[in-house]
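User: I would like to go through this model and ask, for each label, what justifies it.

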Amino acid sequence: MMQFLRWLRDWSSAGGNRTVAGRQETLDPREASYIRDSNARLDALFRLYRKFRGTAQEAQMKSVYEKTKKIHDYLIARKRIQELELFHIQYTQHFISTFTLILEAYQTRQPVPRAAPAAVAAARAYAGQELPAKPGKQLPPESKSLNGLAGSSPPEGTRTQIPRLAVAEIRLNPQARIAYQAETSGSRPAFREIGPHSPEADKQAFLAYLSESLGIGKASYLGNALVNIPDSQDLPPTGLVPVIRWQGNTYALHLDQRRLFPVCILLA
Amino acid sequence: MDPAQASQEPQVLTAEQVALLDLYVQSLDTYYDKLKASEEIQVEIETRHLKKILSR
């Protein structure tokens, strides 16, 4: 009888991914670290649930935690550790990132003194975007990763205006010419004009002026455009500005303030 | 974030985010059901293999 069962087992193990029953706990350190990471994620889910205590979503956050734990227990019992890690990368990680961001954004909207990055975090949360999945080994502590994202956004008032980053679309004006003041060494400042139909020498002079005043090296002049630059102190906001191509990107220049604005040119 | 404050101000989550939360819970359920189903399929595969062996 036993010999027959052994013969059966040998037959079955000749096939694909059969496993012998009663194997040891973890086959290699990778599986052990997956299990550790999974437990860490469960902790993060639990802490997230506690933060939602008292809100209408408390029960849902609790059920997220419990269901994730159920899946965790199930897969570990069946030694399907790779699937557990895959599950976390596809589901849990995104969930933790998204709702941590939402929570932080909510807390910075309140008049509670909190050193938290406001603009980028909130914008990401409301756009419903998810951070790219980080590899299973690294679980970023929740606030630290957000600080990296936001960088140096200045803290604002209670009602935070979320700046909407966008590349402005402009049209080049084929006739307009802009007058600018070129400081020539020694002599008086000369007024020059630059436009799309200016002679090549004038364009070169303009680019030389740029490299002196703004430190922009190899650029190419594209034309002028009528734009509206908000909060420009000296000039009225709407005016003609030169547009250049530099380092592979297109910019509109505010010459006096020495500012570049990324734009994209509509060809229609 | 006590219950009194929650009822006075807008909720922590927007309507869209609440819906997102619901969807996530649903997707967890679906995932778990798929896991159970995959186990049943595995049992079925093994059973058929065993039957094939025995019927030779």
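**Labels and their grounds**

Analyst: A place to begin is the hairpin of β6(A) and β7(A), which has two residues between the strands and in which A:Q247 takes a positive phi near 55 degrees. The model is a predicted one, and the values below are computed from it.

User: What makes β6(A) and β7(A) count as paired strands?

Analyst: Pairing requires at least two bridges between the strands, and β6(A) and β7(A) have four, in the antiparallel sense, so the criterion is met. Within this pairing, A:W246 stands opposite A:N249 in β7(A).

User: How do you know that β5(A) and β6(A) pair, and in which sense do they run?

Analyst: Nine bridges join β5(A) to β6(A), and since two would be enough, the pair qualifies; the two strands run antiparallel. A:G223, for instance, has A:V243 in β6(A) as its bridge partner.

User: Why is the pairing of the sheet called mixed?

Analyst: Strands of a sheet can pair either parallel or antiparallel. Here β1(A) and β8(A) run parallel, joined by three bridges, with A:E169 opposite A:C264 in β8(A), whereas β5(A) and β6(A) run antiparallel; both senses occur, and therefore the pairing is mixed. The six strands form an open sheet of chain A in the order β1-β8-β7-β6-β5-β2, and its edge strands are β1 (168-170) and β2 (172-173), because each pairs on one side only.

User: What lies across the sheet strands β5, β6 and β7 of chain A?

Analyst: Helix α7 (residues 200-213) of chain A lies across β5 (219-228), β6 (238-246) and β7 (249-254), and runs at about 80 degrees to β5(A).

User: What makes the pair B:D29 and A:K67 a salt bridge?

Analyst: The rule asks for a Lys or Arg side-chain nitrogen within 4 Å of an Asp or Glu carboxyl oxygen; the closest N and O atoms of B:D29 and A:K67 are 2.8 Å apart, so the pair satisfies it. Across the interface of chain B and chain A the rule finds two salt bridges, while seven residue pairs, both at pLDDT 80 or more, are in polar contact.

User: Which elements supply the side of chain B that touches chain A?

Analyst: Those giving two or more residues are α1 (3-8) and α2 (15-54) of chain B, and α2(B) gives the most, with 22 residues. The residues on this side divide into 18 nonpolar, six polar and eight charged.

User: How many residues does each chain bring to the contact, and what area is buried?

Analyst: Chain B brings 32 residues and chain A 39, and the buried area is about 3300 Å², of which carbon and sulfur atoms give 64%.

Definitions and conventions:
Residues numbered from 1 in each chain as written. Chains lettered and ligands numbered in written order. Predicted model: local features only at pLDDT ≥ 70, side-chain atom pairs only at ≥ 80, totals over all residues. Heavy atoms only, no water. Contact = heavy atoms within 4.5 Å. Axes fitted to C-alpha atoms, helices over the stretch in contact; angles between N-to-C directions. Buried area = accessible area lost by both parts, 1.4 Å probe. Polar contact = N/O pair within 3.5 Å; in protein donor to acceptor, adjacent residues only side chain to side chain. Nonpolar A, V, L, I, M, F, W, Y, C, P; charged D, E, K, R; others polar.
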